[in-house]
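Let's take a walk through this one, looking at charged pairs, aromatic rings and surface patches along the way. Keep the viewer open as you read.

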Amino acid sequence: MEQNLLLIAAKAAAENVKRNEFKELHPFKEDDVNEAVKDALGNINLRNEIRKLLYPEGIIIGEVFFEKLQEFYVLLGFHSIVNELISEISIDIFKGIEKKDVEKLLNFLVNTKSRYFWIYLRTFVFLFQKYTLDSKFISKWFIEICEKMGNDLASGDFYTAIGNYAFSFPLEGLQILKLYSNAKIEKITLHISSIIMGNVRARIITDTKDILDFDEVEEDYHENKNVDKRAIYYCSYLHTYHKIEPSIDELDSILNEAIRDEDKVKEQAYFIINRYVNSKREDSKIVDFGLNWIEKNIHSSSSDMCKYNAVDLLRWIVFEDRKEKSMTIFPKINRILEKTLPIQIDNGGTWSNIQDLLRDTLVIDLKEFEKMILTISNNSSKEFLHYLKDQQFDFLTHELENVDIKDFILGLVTSRKKNERSLGFTLLRELHSKYPDTETKISINDEQALQISLLEAKAKLILGKEICEYLISIEPFFRNKSKALQKDFIREMVFQAINYPGECLEKWKKIENPSEIFKVVIESANSYFEKLNNTADLSANSYCLPIFIKAEQEVKRKMSKNISEGAYEKSIFMKFIKKTNVLYGDKWSVNHDKSIGNPTQFSKFSHSFELPRLEYLDPEGIVLRRIKAKIELKNLVK
């Protein structure tokens, strides 16, 4: 049964049978596949039968070669052991055709856009342990495949395959290394060269025998004036350690040697510590060593790549800690983070890791999260706020919607530190459900802290809904404060009631059992609008220069046009809707085959929002108001 399973799958693949149909006709379990493949791996006759079924007309040097192997793989259910079988079948075929045809086949992989590229790529992990190619061809082909893969996460298998090639065929590996060495070293060739050197070294250590010229090659790279070659030498040790476990002392020695070199070599040290410790996250001794080493060596002027590898390691160590929910590691994590910051805005990969680090910390402990977010804000505020405001931390803000951080935000917006206040107001805007409330555990008796918070709100343009909710949330703290502070707060609330009569005043009128502050605010705002309405009948209102009327009409038309075009460009859905401009009428019909359909009434839909009226009525006055608030704020917190 086990043999027949593979033969049946091969015949079905050749006939383009769909996987669902095949599963219905031939139900089988993963164990059945594993047993059948194990048998085929040791049975060349069976593999030859599979090959003949897949290629009944013989091997075709073209994309169909890979397509049939892919279909065979898919029918068997994506089990990893099938990759090894496909590798063995490929080796059998490669040995039976000319080398130039093998090279043609491999070049099809470089140029194809088919998904079989990624499926077949996994087979090289096994294939390159047993099959060699011309060094000039394979050295160039490695580069082309790596360029095609780019930064895709699925590329790891292929880099493992390159390592397997160098480990299995060290002399061929050294030939490739020499070819790269004689040309200009690029980012890709630096990476491939380090993989090759590391695996050749591992083979020498494993076999305890010398390989011709390796000592000289290693020494040349180690002491070369070319920083790229020194980077290859140090980075190669990571790939040696994948095959052979180093001692802590050995690891420490190579890292400390690399860290004394130029930035490009230092980056290899952080790359090693990140990848090696990451692979041993369950080993507390190795994790402690890695964190201690980074804490000792990282600093704010380290290169972007050094910082990336440091933060990447922190992110995965904290992720590992989610299983235990342990908090013992966080003081060290925070110290390392503080030494690493600031991180440049364009270092997006590192900021992505920081988002993940914050999310994982939030899962473990809210207080540790608050400490960490303050560390980031106080040491890289501008960059952190950029990512929060630009909605690039949307995964984090989504998680925060389900966590009670109202007290934390209240502490931020009343802080004497500008960075923390900016962070607090940014969180208020991003987290609409997190306004502080009267049930907060914080008791704010510090009038200066409240005054700071109020001035910060005055200095910013906060839209209607946000400023309405914010003033509601902090109003209880002003009830028992000094008359001067209450007066200032009431003045701000009246200002916003006039600025946003819909978003603020109308909502405040609906509050049940309003406090004395709200009563005064509502009464003052109502009085203002009553006096304003009384000016509507003044004779002066009937006089207006015609040019002003024309200008107002043009401004309205231009604004309407800009809003309409902007909404159309920004909307994903509008791009799929046919747009027709109608010159007159309120109905439309369709003309089809010289006949006009029944007229249909136009329907309407709209969306409205409230603009801050005082921003338009007195823009200069508003700017002066903000400048005054900023000056008062600066004097208060200096």
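Helices here are DSSP runs of H or I at least four residues long, numbered from the N terminus. With that in hand, D215 can be placed in helix α14, which covers residues 214-223. Bear in mind that this is a predicted model.

D215 is a good place to start, since it belongs to a patch of negative charge on the surface. The other residues gathered there are D213, E216, E219 and E223.

Now for charges that find a partner. Side chains of opposite charge can pair when their charged atoms come close. The structure holds 33 salt bridges, and a few of them are worth a visit.

Take E88 and K130, whose side chains meet in a salt bridge with N and O 2.4 Å apart. E88 lies in helix α6 (residues 80-96), while K130 sits in the loop between α9 (124-127) and α10 (135-149), so this pair ties together parts that are 42 residues apart in sequence. How much of each partner is accessible? E88 has 10% relative accessibility, so it counts as buried, because the cut-off for buried is under 20%. K130, at 46%, counts as partly exposed.

Further along, E320 forms a salt bridge with R281, and their closest N and O atoms are 3.2 Å apart. This pair, too, links distant parts of the chain: E320 is in helix α19 (residues 304-321) and R281 in the loop between α17 (263-279) and α18 (284-297), 39 residues apart. E320 counts as buried at 17% relative accessibility, whereas R281 is partly exposed with a relative accessible area of 21%.

Which helices does the salt bridge between R625 and E492 tie together? R625 is in helix α34 (residues 619-637) and E492 is in helix α29 (residues 483-499), so the contact joins parts 133 residues apart in sequence. The closest N and O atoms of R625 and E492 are 2.1 Å apart, and E492 is buried, with a relative accessibility of 2%.

Salt bridges can also be followed beyond a single pair. R315, D356, R359, D360 and E399 are linked in a network of them.

On to the rings. A pair of aromatic rings is described by the distance of the centres and the angle of the planes. There are 34 aromatic pairs in the structure. In one of them, the rings of Y233 and Y234 have centres 5.0 Å apart and planes at 80°, so the pair is edge-to-face; the cut-off for that label is over 60 degrees. Both Y233 and Y234 are buried.

Back in helix α19, W316 and F319 are three residues apart, which means about one helical turn separates them. Their rings form an edge-to-face pair, 5.5 Å centre to centre with 80° between the planes. W316 counts as partly exposed at 28% relative accessibility, and F319 counts as partly exposed at 31%.

We'll finish on the surface again, with a nonpolar patch. M559, I563, F609, L611 and Y616 make it up, and together they have about 520 Å² of accessible area. Where does L611 sit? Look in the loop between β4 (600-601) and α33 (613-617) for L611, which counts as partly exposed at 36% relative accessibility.

Definitions and conventions: Residues are numbered from 1 along each chain as its sequence is written. This is a predicted model: local features need pLDDT of at least 70, side-chain atom pairs count only at pLDDT 80 or more; totals for chains, interfaces and linings use all residues. Side-chain values use heavy atoms; hydrogens and water are left out. A salt bridge is a side-chain nitrogen of Lys or Arg within 4 Å of a carboxyl oxygen of Asp or Glu. Helices (H or I, at least four residues) and strands (E, at least two) are DSSP runs, numbered from the N terminus. Buried means under 20% relative accessible area, exposed over 50%, partly exposed in between (1.4 Å probe, protein chains only). Patches are made of residues with over 30% relative accessible area and no salt bridge: like charges are joined within 9 Å, nonpolar side chains (Val, Leu, Ile, Met, Phe, Trp, Tyr) within 5 Å. Accessible areas come from the Shrake-Rupley method with a 1.4 Å probe; for residues, only the protein chains shown count as cover. Lys and Arg count as positive and Asp and Glu as negative; His and the chain ends are not counted. The place of a charge is taken as NZ of Lys, CZ of Arg, CG of Asp or CD of Glu. Rings of Phe, Tyr and Trp (its six-membered ring) pair if their centres lie within 6.5 Å; planes under 30 degrees apart count as stacked, over 60 as edge-to-face and the rest as tilted.
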